[in-house]
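Subject: Handing over a structure, with notes on what was found

Dear colleague,

I am passing on the structure below, together with some notes that you may like to read with the viewer open beside you. Please take your time with each part and look for it in the picture as you go.

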Amino acid sequence: MRASSLKIGQILINMGAITPDQLDQALSMQKSNNLRLGEILIKENMCEEEKVCFALSKQFSIPFVDLEEIELKDELSDIISSDLAQQCMVVPLELDEATRTLTIAVADPLDYKGLNRIQTTTKMSPQVVIAAPSQIQKAHQALYASKKAYDEAREFIASQASQAGKEDEIDAAKSAADDQPIIRFVNNMIEEAVRLKTSDIHIEPMEDVLLIRFRIDGKLQKYMETSSQLAPSVTSRIKFIGGMNIAEKRIPQDGRINYRVGNTEVDMRISILPVVFGEKVCARITTALGLKMDKSAIGFLPENLDRFDRLLSQNRGIILVTGATGSGKSTTLYTGLKGVMREDINIITVENPVEMIIPGINQVDINAKAGLTFASALRSILRQDPDIIMIGEIRDKETAEIAASAAVTGHLVLSTLHTYNAASSVIRLVDMGVEPFMVSSTVIGVIAQRLVRRLCVNCKEPYIAGEHELELLGIDDPTLEIKLYRAPQGGCERCNRSGHKGRLAVHEILMVSPKIKRAIQAGKSTEDINQIAVEEGMISMRENLRMNVISGIISLETMLEAASEDML
């Protein structure tokens, strides 16, 4: 390892990554602790970890690698154990059997003690490359997660076989809730789901196997398939930590789990459903994983972001966010609330359940069994001097009428509905039994939203649109050469071989203008109201999708999946 004559601090200054003052401050901090300079700069948010790693690469003439672009090799997990890799903060990347050389990614190239341990344990010569610590942690989880899960499954099956016939069914279920292999199996499954930014975990007992699937970016993907013997024990463990009755297997049950993965607090809603071969578990991860609570990060077009801001700036009225289950409605509401929070504003929410805790906002969790319903909570909230009220969902006439009354008396009310587009939301309130004049005088705007899969920016494949594609995009000139993108077959390592990575919210925002108010009072149809809104400048959902296709953010196939028949 040939070191540069320049120290890391000077290299970072030359790169423009830090200032001389920041370097002096970090060096001063270093005198009172045992951390390396790079660690201090990252910890104190003075410099990004990638830039520190790049500077280390230049200082010691060691290659810097982006682990998201490297395909990990499962067989290397047998050479360096999970515990050793975690303790030394390394990930094995390549093995040259001829020279007995093992290429490893490290976070700290000066950890000679760790490198010696790896050389002694593996009996191989380590070839070092530098990678960002956060990427090493993710790569470590990816490389060892499946192996750990299958090892724990085998260990549990073996332990159960040795105890066969010693316990009755209920005692066995309670024992499984405390069994170490099954605890590790469930913990590992949850941690892997969080790492992959899963929205739902499906645990499905079949006749011969236990199938576990994750919903990632809106699509179900198989996580693992293992012995059906695990099914009762996995279910019992989840029931136990979710506060449900382990012995009861005949009726559906609901529960909730709070789980910490690293520095992330994860909230999970659990649903247990009896099926033919046992009990199916669906765990919804309600925490918005990897999402910044920032209006600009939701996916609004500039015109729609301006409309959203204008709605939130009002002092009274109802703002509705509508869409299918899992379309990100609550996240949009939370983001809006966080954007308007001030010391002089009293914000109260009523939800079932509270999905995300926001400090500074008073949040009420509905408890129907105790008599705390949306309607009863809203009546009390109105006596709490609120400025802004957020209702998790308007489900019935009583809740809708109280929300309308609150808006009329000078409150800003935010809520959700389950409808497919913006125009149908106002009609839905009328169908619930709210008088048309009350709907027209209280609703000030409707945001229709749905989530679509983004193309992976690393591997998306360009092509020139043909005549049929141009027609679907509403482009009349067949001679135009327009470049579109699609997901390639097999994807890449960064997108988990799917060709898609992450999701994007698309919207249409209907502002209730005087003309639309008159249409509501006159009992006009959804189509009539939608036509007026478009004439007045509303960007329709289909148009938003089309703009994202032309921009290369989503594929044409995704647009067609997301567009319902009435929009086509």
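Before anything else, one term is needed: a residue is called buried if its relative accessible area is under 20%, exposed if that value is over 50%, and partly exposed in between. Please also keep in mind that this is a predicted model.

With that scale in hand, take Phe 64, whose relative accessible area is 30%, so it counts as partly exposed. Phe 54, with a relative accessible area of 38%, is likewise partly exposed. There are three aromatic pairs in the protein by the rule used here, and Phe 54 and Phe 64 form an edge-to-face one, in which the centres are 6.4 Å apart and the planes stand at 85°. Because Phe 54 belongs to helix α4 while Phe 64 sits in the loop between α4 and α5 (82-88), this pair ties together parts that are ten residues apart in sequence. Phe 214 and Tyr 223 form an aromatic pair of the stacked kind, with 4.5 Å from centre to centre and 15° between the planes. Phe 214 is buried, at a relative accessible area of 2%, and Tyr 223 is buried too, at 13%.

Seen as a whole, the protein has 568 residues, of which 47% are buried, and its secondary structure comes to 21 helices and 18 strands. The C-alpha trace spans about 85 × 70 × 60 Å along its principal axes. The accessible surface of the protein is about 27,800 Å², and carbon and sulfur atoms account for 48% of that surface. If one takes the contacts between residues at least 6 apart in sequence, 63% of them join residues that are at least 24 apart.

Now to the sheets, for which one general point helps: strands of a sheet pair through backbone hydrogen bonds, and they do this either parallel or antiparallel. One open sheet has six strands in the order β6-β5-β4-β9-β8-β7, and the pairing in it is antiparallel. Since β6 (219-227) and β7 (253-261) stand at the edges with a single partner strand each, one side of each is left without a neighbour in the sheet. From one strand to the next, the twist averages 20°. Within this sheet, strand β4 (residues 198-205) and strand β5 (residues 209-216) run antiparallel and are joined by seven bridges, and Ile 201 stands opposite Phe 214 in β5.

Strand β5 also holds Ile 212, and here is something to check for yourself: is Ile 212 buried or exposed? Its relative accessible area is 0%, so Ile 212 is buried. Apart from neighbours within four places in sequence, the residues in contact with Ile 212 are Phe 185, Met 189, Ile 201, His 202, Ile 203, Lys 222, Tyr 223 and Met 224. His 202 is ten residues from Ile 212 along the chain, and the C-alpha atoms of the two are separated by 5.6 Å.

Another open sheet has three strands in the order β1-β2-β3, with mixed pairing. Its edge strands are β1 (90-96) and β3 (125-130), each of which pairs on one side only. Neighbouring strands of this sheet are turned against each other by 30° on average, if direction is ignored. β1 pairs with strand β2 (residues 101-106) in the antiparallel sense over six bridges, and Thr 101 in β2 is the bridge partner of Asp 96.

Two helices deserve a look as well. In helix α1 (residues 8-15), the buried residues are Ile 8, Gly 9, Ile 11 and Leu 12. Viewed down the axis of α1, these buried residues fall within an arc of 160°, so they line one face of the helix. Their cover includes α2 (20-30), α3 (37-43) and α4 (49-60). Just after α1 comes Gly 16, which takes a positive phi of about 80°.

In helix α15 (residues 423-432), seven of the ten residues are buried, so this helix is largely enclosed by the rest of the structure. The buried residues of α15 are Ala 423, Ser 424, Ser 425, Val 426, Ile 427, Leu 429 and Met 432. Gly 433, just after α15, takes a positive phi of about 115°.

With kind regards

Notes. Residues numbered from 1 in each chain as written. Predicted model: local features only at pLDDT ≥ 70, side-chain atom pairs only at ≥ 80, totals over all residues. Heavy atoms only, no water. Buried < 20%, exposed > 50% of the residue type's maximum accessible area, 1.4 Å probe, protein only. Helix = DSSP H or I, 4+ residues; strand = E, 2+ residues; numbered from the N terminus. Arc of directions from axis to C-beta. Contact = heavy atoms within 4.5 Å. Pairing = 2+ DSSP bridges. Axes fitted to C-alpha atoms, helices over the stretch in contact; angles between N-to-C directions. Areas by Shrake-Rupley, 256 points an atom, 1.4 Å probe, with all protein chains shown as cover. Phe/Tyr/Trp six-rings, centres within 6.5 Å; stacked < 30°, edge-to-face > 60°.
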